[in-house]
Amino acid sequence: MILNENVARKIIPIAGGKGGVGKSVIAVNLALSMSMFGKKTVLVDLDLGGSNLHTLLGLRNSNPGMGNFVSGRKYSINELLCPTDWENLFFIPGDVLVYGIGELSKSVKARIVKGLLDIDADYIIVDLGGGTNFTVVDFFLISNSGLIVTTPQTTSIMNAYSFLKNYVFRFLQRAFASDKKISVYLKKVLKERRPGEQKTVSDMIEDISRINSDAGEKAEAFLEVLQPKLILNKMYGAEDVSLAEGLRDLCARNLSISLECLGTVMNEKIVNRSINLQRPFILDNEENIVTDEIHRISQKIIQSSNFPEMPLELDYYSDSFELAHIEMENDLAALQGSTESEEDSDEYEVDKLLELIRIQQSKIQELQGTLRILSMNN
Ligand SMILES: Nc1ncnc2c1ncn2[C@@H]1O[C@H](COP(=O)(O)OP(=O)(O)OP(=O)(O)O)[C@@H](O)[C@H]1O
Ligand SMILES: [Mg+2]
């Protein structure tokens with residue numbers, strides 16, 4: 001695992017648990033933003049079996065990529081770096097040129113991880129596939145500061161939680177791989193996992209301490225290293241942040257990890273349009289709320305010299321979720337201010353307002369439902 005603190009090269013995997021939440025769109029635009037700020041950034045498509053990043057960048061799929069890297073020994077990782085139309089941004093395609101890579105063996109996974117560590121760049125953004133399986137989790141665990149993308153939809157939040165649960169579990173399994181007794185214990189816990197009656201991580205640490213008190217302390221210290229960050233995508237309003245706060249509380253209570261919020265990206269038409277145009281949206285929409293947010297997220301990463309530690313002014317807000325809430329409210333107020341000054345007809349404004357109220361009402365209902373499910377389930 002790369003500990004992203006004071007290291008020159010920072011690997012940032014992006015996962016989400018659920019498909020279609022916007023991992024790839026965010027990976028592409030975030031990588032481009034970092035390159036615009038002068039950082040040599042490599043974007044890696046590691047969604048093997050579902051590689052599509054080249055399309056979002058408007059590139060043809062004629063370059064060898066991760067598929068070729070794992071299926072032969074012809075290429076070193078740095079030979080796979082494709083230049084893009086944008087200075088400082090490089091790309092490693094996925095497996096579109098290689099048919100049927102299938103399940104990855106342990107040695108292939110290890111080779112990929114070693115390959116990623118050998119890439120020469122300031123930042124390496126790795127787009128992972130959807131799903132919560134251990135292959136995705138293993139790639140996510142390459143660094144202590146991966147990004148989880150979720151939408152405010154109940155299913156997406158639930159999948160993000162499942163992903164994080166597997167992530168912590170897998171981390172403990174790997175941390176204690178050489179300790180026979182604890183490995184046997186963890187295997188047993190995994191086998192006995194049943195919905196609704198699962199052990200919390202702090203229960204597990206207590207059990208581990210009973211097996212070996214040093215190991216219990218070690219487990220607690222290890223867990224502090226994990227600092228995944230959340231990006232909320234396809235947001236409609238600041239109240240959606242409360243859902244993510246439910247996820248944060250659940251992670252603290254059941255998984256003993258602290259989850260921070262790195263940013264909130266609104267649901268915007270230009271994002272979909274940019275996919276059809278095969279061009280990252282931050283290029284053509286400089287004045288847009290989603291472009292501003294992508295640059296803000298990339299600035300938060302670049303300016304935190306000890307990322308994933310984030311310098312938060314705790315006198316002003318209690319945590320990163322409160323900051324996300326404030327940032328979003330300010331952005332929306334600014335947006336409203338700018339649309340008010342435009343000469344829209346009153347009728348149009350009323351329609352927009354009604355639509356907003358309708359969306360907010362259905363969001364509040366969904367929010368209440370999700371919070372209920374989250375508190376029932378665990
Ligand atoms: N902020 C947003 N506003 C509007 N649409 C969005 C936003 N983010 C993503 N989308 C849309 O959601 C769809 C899925 O996005 P994307 O392909 O990035 O998801 P993904 O998580 O990478 O999916 P997969 O798991 O299939 O790889 C795209 O059509 C994209 O345009
Ligand atoms: Mg994707």
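**Notes on a predicted model with one ligand shell to look at**

1. Let's start with the overall layout: the protein chain has 15 helices and eight strands, where helices (H or I, at least four residues) and strands (E, at least two) are DSSP runs numbered from the N terminus. This is a predicted model, in which local features need pLDDT of at least 70, side-chain atom pairs count only at pLDDT 80 or more, and totals for chains, interfaces and linings use all residues. Residues are numbered from 1 along each chain as its sequence is written, while chains are lettered from A and ligands numbered from 1 in the order in which they are written.

2. Now for confidence. pLDDT is the predictor's confidence in each residue, from 0 to 100; the protein chain averages 85, and 84% of the residues score at least 70. Among the elements, H1 has the highest mean, 97, and helix H15 (residues 346-377) the lowest, 64.

3. Next, the ligand. The shell around ligand 1 has 20 residues, of which Gly 19, Gly 22, Lys 23, Ser 24 and Gly 130 come nearest; being near takes a C-beta atom, placed from the backbone, within 6 Å. Helix H1 (23-36), strand S7 (229-235) and helix H11 (269-277) supply at least two shell residues each. By class there are six nonpolar, 10 polar and four charged residues, counting Ala, Val, Leu, Ile, Met, Phe, Trp, Tyr, Cys and Pro as nonpolar, Asp, Glu, Lys and Arg as charged, and the others, Gly among them, as polar.

4. On burial, 41% of the 378 residues in the protein chain are buried. A buried residue has 20 or more other C-beta atoms within 10 Å of its own, an exposed one 12 or fewer, and a partly exposed one falls in between, with C-beta atoms placed from the backbone. The largest nonpolar core (buried Ala, Val, Leu, Ile, Met, Phe, Trp, Tyr and Cys residues joined through C-beta atoms within 7 Å) has 94 residues. H6 gives the most to this core, nine residues. Ile 14 is one of those with the most contacts inside it.

5. Helix H8 (residues 201-211) is a nice one to rotate on screen: Val 201, Met 204, Ile 205 and Ile 208 are buried there. They sit on the same side of H8 because they cover an arc of only 100° around the axis, the arc being that of the directions from the helix axis to the C-beta atoms. On the other side, Glu 206 and Arg 210 are exposed. The cover over the buried residues includes helices H6 (154-175), H7 (180-191), H9 (213-225) and H10 (241-255), as judged by contacts (C-beta atoms, placed from the backbone, within 7 Å).

6. Leu 172 is in helix H6. Why is Leu 172 counted as buried? Because 21 C-beta neighbours lie inside 10 Å. Leaving aside neighbours within four places in sequence, Leu 172 is in contact with Leu 186 and Ala 219.

7. Lys 39 lies in the loop between H1 and strand S2 (41-46), and is partly exposed, with 18 other C-beta atoms within 10 Å. Asn 88 is 49 residues away along the chain, yet the two C-alpha atoms are separated by 6.4 Å.

8. Finally, two residues to check for backbone angles. Most residues other than glycine have a negative phi. Ser 256, in the loop between H10 and strand S8 (260-266), has a positive phi near 55°. Gln 278, in the loop between H11 and helix H12 (281-284), also has phi near 55°. Gln 278 is exposed, with 12 other C-beta atoms within 10 Å, whereas Ser 256 is partly exposed, with 19.

Terms used:
Contact = placed C-beta atoms within 7 Å.
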